[in-house]
Amino acid sequence: MSSRPKAASGPLWWAGLPAGATRPALGQDESVDVAIVGAGFTGLWAAYYLLSADPSLKVLVLEAEHVGFGASGRNGGWVSALYPVGPRVLARDHGEAAARDQYAALRESVDEVGRVAQAEGIECGFHKGGTLVVATGRAQAARGQALAQASEHWGTGTAWLAASAAADRLAVEGLCGATFNPNCARIHPFRLALGLAGAVENKGGRILELTRVASLDNHSPAENRVRTVDGFVVKARHLIRATEAWTARLPGHRRTLAPVYSLVVATAPLPRSVWDEIGLANAETFSELRHMIVYGQRSVDNRIVFGGRGAPYHFGSGIKAGFDISPGVFTTLRRTLTQLIPATEGVTFTHAWGGPLGIARDWHPGVGYDRSTGMGYSGGYVGDGAALSNLAGRTLADLVTLRDTALTRLPWVQHRSRRWEPEPLRWLGVNAGLQLARLADREELLTGRPALLGAALSALTSH
Ligand SMILES: Cc1cc2nc3c(=O)[nH]c(=O)nc-3n(C[C@H](O)[C@H](O)[C@H](O)COP(=O)(O)OP(=O)(O)OC[C@H]3O[C@@H](n4cnc5c(N)ncnc54)[C@H](O)[C@@H]3O)c2cc1C
């Protein structure tokens with residue numbers, strides 16, 4: 001096999017599927033019950049559960065590009081029970097029972113994604129094989145063991161595997177052990193987005209593409225308006241903002257969420273002989289206990305899809321197509337994968353892409369709805385939105401239909417993060433955080449001890 005990587009080619013997930021607009025754009029003013037901005041997982045799950053709760057609702061989803069154009073159609077395909085805020089921090093702010101409820105709701109959301117995929121006939125390769133996070137040094141192992149110990153208290157399901165048990169699952173260079181958590185499924189994310197869109201339409205919802213919203217004019221249910229850049233107006237009693245990284249472009253939201261890029265590479269389908277060496281026999285998703293986040297999955301067609309942070313935050317919350325491509329980060333990802341899993345040495349990499357995700361100032365996701373104004377929102381998932389967006393969709397449906405449920409009492413409901421600092425402080429702060437992760441990994445490699453910088457990083461990221 002050749003080790004020469006091909007040029008960046010766009011998301012693997014879009015290959016062979018209709019990755020462009022296939023639906024009409026808004027061509028006239030409209031009046032509906034619920035207008036949802038954004039056809040990623042959040043907007044689609046919200047539409048799906050609203051229509052399930054009340055089939056008589058007129059629900060319209062407005063998407064600037066096409067279904068699954070954003071992070072939902074580009075991600076690493078982990079549907080996990082991970083949450084950007086650690087249980088200890090959640091308990092400090094909301095009490096221990098609420099922290100446990102939030103995490104339990106996420107575990108349930110992983111299964112709910114699989115349930116709906118099956119019920120709606122969405123072939124997105126959902127497979128719940130759990131997630132393995134390997135330790136390749138003493139400091140990482142200490143962190144993994146501490147996580148497993150804390151998990152016993154919180155009931156989040158993470159266990160520590162000694163090196164030999166971990167090696168049975170994944171052949172990693174310098175393996176010292178791993179954490180394993182069963183609450184994670186692998187998916188083909190773009191197929192889930194397309195399938196969900198179809199399910200929404202089957203329930204009577206409408207999705208319009210190539211329809212960029214310029215503003216959400218939110219005053220009261222009777223006066224709410226969505227205005228598009230083409231000059232059309234949609235009247236709706238309820239508005240839902242589901243724009244994640246792009247939120248920063250909406251009037252009044254420049255400092256609500258910081259768009260941060262995550263980049264991904266994918267190998268060609270690997271032959272059985274290579275998989276026999278690698279492992280991941282149960283399609284476990286995998287990562288490493290380093291500070292700089294990496295994530296991998298065995299895809300439904302037997303590739304390795306491997307991604308990570310490392311791309312810089314772009315000044316002024318910048319988002320543009322060119323930022324999806326970063327040859328330096330792609331090279332680092334390919335090298336990291338090969339160093340981690342030596343059996344991938346010499347494999348062909350066929351795809352490389354990236355996309356922005358949304359991070360709030362306190363790293364705390366939030367979902368909410370204001371009854372007096374009819375305005376709802378959800379986002380700030382950092383890199384954990386695949387299951388969280390499902391929880392958001394169910395929660396928004398309960399909030400909009402004015403149902404008081406266990407979901408509407410979870411601690412992330414009505415959470416409002418403070419705003420990011422103005423530039424250049426935002427640029428300095430976010431990029432300093434990324435640099436801190438890099439330096440903490442280097443320190444651990446050199447000393448073998450948990451990095452002192454790790455504590456600063458934990459404080460910064462609410463862990
Ligand atoms: C590379 C990468 C890897 C990731 N890996 C994982 C993972 O493995 N597991 C996980 O849980 N999470 C992962 N995430 C995060 C996860 O993908 C997101 O949290 C989740 O998809 C967010 O869904 P969303 O619908 O809120 O946002 P998005 O999917 O970003 O959708 C927002 C949509 O809104 C549209 N939009 C924005 N502004 C407007 C406007 N003004 N008018 C109309 N439409 C608009 C956009 O075009 C877009 O389609 C990853 C993210 C990235 C980028």
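**A guided look at the core and the ligand**

Visitor: Leaving aside neighbours within four places in sequence, which residues is Trp412 in contact with?
Guide: Happy to show you, and keep in mind that this is a predicted model. Neighbours of Trp412 within four places in sequence are set aside here. What remains on the contact list of Trp412 is Tyr83, Gln102, His364, Pro365, Gly366, Val367, Ser378, Tyr381, Leu388, Leu391 and Ala392.

Visitor: Which residues touch the most other members of the largest nonpolar core?
Guide: In soluble globular proteins, nonpolar side chains tend to be buried together. Here the largest nonpolar core has 61 residues. Those that touch the most other members are Ile36 and Trp412.

Visitor: And which elements give two or more residues to this core?
Guide: Both strands and helices contribute to this core. The elements giving two or more residues are β1 (30–37), α1, β2 (59–62), α2 (87–94), α3 (96–119), α6 (189–202), β17 (366–370) and α9.

Visitor: How many residues are in the other core that lies apart from it?
Guide: Among the members of that other core are Ala166, Val172, Leu263 and Val329. It lies apart from the largest core, and its residue count is 36.

Visitor: Let's turn to the ligand. How far is an oxygen atom of the ligand from an N or O atom in the side chain of Thr42?
Guide: Thr42 is one of the closest of the 37 residues that surround the ligand. Between a ligand oxygen and an N or O atom in the Thr42 side chain, the distance is 2.7 Å.

Visitor: What distance separates a nitrogen atom of the ligand from a polar backbone atom of Gly383?
Guide: Gly383 is also listed with the closest residues around the ligand. For Gly383 the partner is a polar backbone atom, and the distance to the ligand nitrogen is 2.8 Å.

Visitor: How much of the ligand's accessible area does the protein cover?
Guide: On its own, the ligand has 1,000 Å² of accessible area. The share of this area that the protein covers is 98%.

Visitor: Which element gives the most to the shell around the ligand?
Guide: Four elements give two or more residues to the shell: α1 (41–53), β12 (258–267), β16 (349–359) and α9 (385–400). The top contributor gives three residues, and that element is β16.

Visitor: One last stop: is Thr156 buried or exposed?
Guide: Thr156 sits in the loop between α4 (138–154) and β5 (159–161). Its side chain has a polar contact of 2.8 Å with that of Ser151. The relative accessible area of Thr156 is 14%, and buried means under 20%, so Thr156 is buried.

Definitions and conventions: Residues numbered from 1 in each chain as written. Predicted model: local features only at pLDDT ≥ 70, side-chain atom pairs only at ≥ 80, totals over all residues. Heavy atoms only, no water. Near = heavy atom within 4 Å. Polar contact = N/O pair within 3.5 Å; in protein donor to acceptor, adjacent residues only side chain to side chain. Areas by Shrake-Rupley, 256 points an atom, 1.4 Å probe, with all protein chains shown as cover. Core = buried A, V, L, I, M, F, W, Y, C linked by side-chain atoms within 4.5 Å. Buried < 20%, exposed > 50% of the residue type's maximum accessible area, 1.4 Å probe, protein only. Contact = heavy atoms within 4.5 Å.
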